[in-house]
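Trainee: Please take one part of this model and examine it closely, residue by residue. I should then like to see what else can be set beside it.

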Amino acid sequence: MPKLLIVDDEADVREFAKRFFTKRNIDVTTAAGGQEALEIIGRDKPDLVLLDVRMEEMTGVEVLRELRGKQDNTKVIMVSGVNDHEIIAAANAYGVHEFIHKPLVLEELEKIVLAELAK
Amino acid sequence: MFHFVISFLHIEKLKKFVIFLYGYGVVCSGLILFTNLLVGGTKQYFWGFYSLAGRLHPIFLTIFISQIILCVFLLINCYWGLSENTIKKQQIKYVLIGIFIFDFSSVDFIPNYGISFYPFGYGTTALFVLFFAYSIVKYRLLEVNLLITRTSIFLVYCLLLSFPFVIALSWQKQLMNLLGENWWLAPLISSTVLATVGPSIYLFIQRKAEALLLQEQRRYQAALRRASIGMGRVKDLKRLLKLTVNIVTRTVHLKNAAIYLFHPPSGLYILKALKGREDLRDRKHAFIPLNAPLIGHLQKHREPLVYDEVKQRGQDFQDQTLQEIGKMMEGLDAALLVPSFIEEDLAGLLVLGKKRSGKLYSHDDLVVFSILANQAALAIENAQFYEDMKKTHDQLMKAEKMATIGTMADGLSHQINNRLHAMGFIAGDALDTIKLQPRENLPPEAKKVYEEMETSLGKIQDNVKRGGEIVEGLLKYSRKADEGFAAIELNKLLDASLEMAQFKIKINQIDITRDFNGRLPAVRGNFTQLQEVFFNIIDNSYDAMVQRKEELKEPGYRGKLEIRAQAEGSHLEIFLKDNGMGVREKDFKRLFTPFFTTKLSSKKGTGLGLYVIRKIIEENHGGKVDFVSEYQQGSQTRLVLPIAM
């Protein structure tokens, strides 16, 4: 069973994304912030991480940077609300797999996630 | 007659000569009355008695004839000097004809020299006087009313002065009885007194009489002058126009009045205010086109048009244009049309109907109305300027608000996006749940409920998407200005800008050439902001190319954007030159004004493009931007940016 980690500081997003992907036979865990996400990644080794860029305590780019700093090459899809050139550049520099924009329709996310998991 | 011609033609130099001639007239009268030098007796002809020429008569005759010749010469000289077919020319013609008729009266001199010839000259003199009277009334040679009044007053005044002498002559005996030997002192003193105070009495009577005669006219002229002065204070254009027609109709007692103002975008004079004749407020009278003969005439002559004169002259000269103007004035029910100028441009027309009294417009009226119209033009310009300023102010306020929104937008859009995002997930998951639910065994009502929920949830998702697009659009103008500055290569910047542009424009329909050295130094700047700048310029050029293609329809036309760059000291100069429609000269100075757009549909242009470009380049980057354009040829934007150290 593929493992997916959803990192978002929005409870509703976490809840409904989890419900959606669980129905597709994916083992979904969620994290509300960057620190929590890093712990889960270290512990559970998820196949894919859906990482929100803008979060309160720690940004998505910082999480990614720390992760890569630990030589962890876990696949990461970043979800951003803003089409910001610099963030995209930084995320690319730290080896992001996909960069997608909010708001997102679940069906589209499903396609991207399933495609990444199938790789 | 000489005096008339001199006054009529305003020849100041010869005024002294007039006094001489009057003196000469007095001398002649004296010679006739007291000597036989001019009139040397009488002779009986078969038709009656007539005077014979005296010794000095030939001299008198010579001076008389040369005087007339001089008048004719002056008139003809002035006539040829006037190139235009003006009222003045018409007037001179009438005066010349009058003098021609008068010349026949010289036959009266023939019998003076003993030749039997009936002196019918008095007949032609009478004809001459009649003719002049007619021309005066018809062609406003002089102010008839004033003339009559002044002449009457002069007569009364003469009677008054001669009164003591009349008394002295008729009551000589009674006075002698009454006053003794020095009786003649009484009439002499009284006439001296009268002669001394006479001029002031004369002036007093004249002033009173004129005031009485022109009371009405002076009253409204004063009112109009006051109104002209007050106009400058009215800032509301609509009110000002309404006020003007109201004042004019009320104070001058006109049947109707209207104002037409030039509307530059449409090139029409548009009816802005109307009083009386409400029935003229229809489509036919709502505007006067720029190419109407009426407008051309006013622009050329810059003088008020009097309907009666226009009509008369149109008939007299068989002038097609004047006849057309006459018809147009008839349509507008205009007895008088006063143009109103702002510098060289005809800014508007004041249409004045007939006076309720039926009186004609006097020369003074025209002067006062011209003052009023020009004052109104200034006031209107003021009001327009004020309105424009208010608009600009509002726009700046709006821009300020936008800037505030900009700083908020970043945080705000994050919040909104997150809400939309969550909403999208909730709807998406609910939809998913419904779709995964087996429905075969459900009753039809339940199936229907599922279907409806499916549609509704789908719609929520559509709205989430659209909401996201709106937030994205809002962010475009509100990116933070203080994000990092870095060394930027022009090629990369252009790539990114074109990438951004291709979502909006069809890049493969135009040619974009890059004509610069690959090893060009990088500029120091904010990538996102500069990307926005180049995107805007490319977008503008593209729109200009499309416009040219659609409007000029040149065969084989293809849009072309040339990008050149060169290092210039510590700066990089970048030129972006297109072969689009270019910008009209009149729009040029407003190009960098926020919210000003020449793009036809408001959907296409926000009017912020160039404003944003200038702000980004000059304020944020310490660079420079200028723009040259030739209408229907193309435009070139030059950007100067600091080279990265």
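Mentor: In chain B, helix 12 offers Tyr307(B), Val310(B), Arg313(B), Gly314(B) and Gln315(B) to helix 13, where Leu322(B), Gln323(B), Ile325(B), Gly326(B), Met329(B) and Glu330(B) meet them (contact means heavy atoms within 4.5 Å; helices, H or I of at least four residues, and strands, E of at least two, are DSSP runs numbered from the N terminus). Five of these residues are nonpolar, four polar and two charged (Ala, Val, Leu, Ile, Met, Phe, Trp, Tyr, Cys and Pro are nonpolar; Asp, Glu, Lys and Arg are charged; the others, including Gly, are polar). The model is predicted, with pLDDT of at least 70 required for local features and 80 or more for side-chain atom pairs, while totals for chains, interfaces and linings use all residues. Residues are numbered from 1 along each chain as written, chains are lettered from A and ligands numbered from 1 in written order, and side-chain values use heavy atoms, without hydrogens or water.

Helix 12 (residues 307-316) and helix 13 (residues 320-332) of chain B pack at about 145°, their axes 8 Å apart (lines fitted to C-alpha atoms over the stretch in contact, with angles from 0 to 180 degrees between N-to-C directions). Their crossing is left-handed (the near helix is turned anticlockwise from the far one by less than a right angle).

Another pair in chain B can be set beside this one. Helix 1 (residues 2-9) and helix 2 (residues 15-34) of chain B pack at about 165°, with axes 10 Å apart. Helix 1 of chain B is therefore roughly antiparallel to helix 2 of chain B (over 145 degrees). The crossing of helices 1 and 2 of chain B is likewise left-handed. Phe2(B), His3(B) and Ile6(B) of helix 1 meet Lys15(B), Phe17(B), Val18(B), Leu21(B) and Tyr22(B) of helix 2; six of the residues in this contact are nonpolar, one is polar and one charged.

Enclosed space is the remaining topic. The largest cavity holds about 90 Å³ (grid points 1 Å apart where a 1.4 Å probe fits but cannot get out; lining residues have an atom within 4 Å of a point; the volume is the space filled by probe spheres on the points, joined across faces, edges and corners). Of its 13 lining residues, Ile259(B), Ser340(B), Leu350(B), Ala376(B) and Ile380(B) lie nearest the centre. Helix 14 of chain B gives the largest share of that lining, five residues. The lining of the largest cavity comprises 10 nonpolar, three polar and no charged residues.

Technical notes:
1 Å grid on protein atoms, 1.4 Å probe; cavity = no way out; pocket = protein on both sides within 12 Å on 5 of 7 lines; lining within 4 Å. Parallel < 35°, antiparallel > 145°, perpendicular 65-115°, else oblique.
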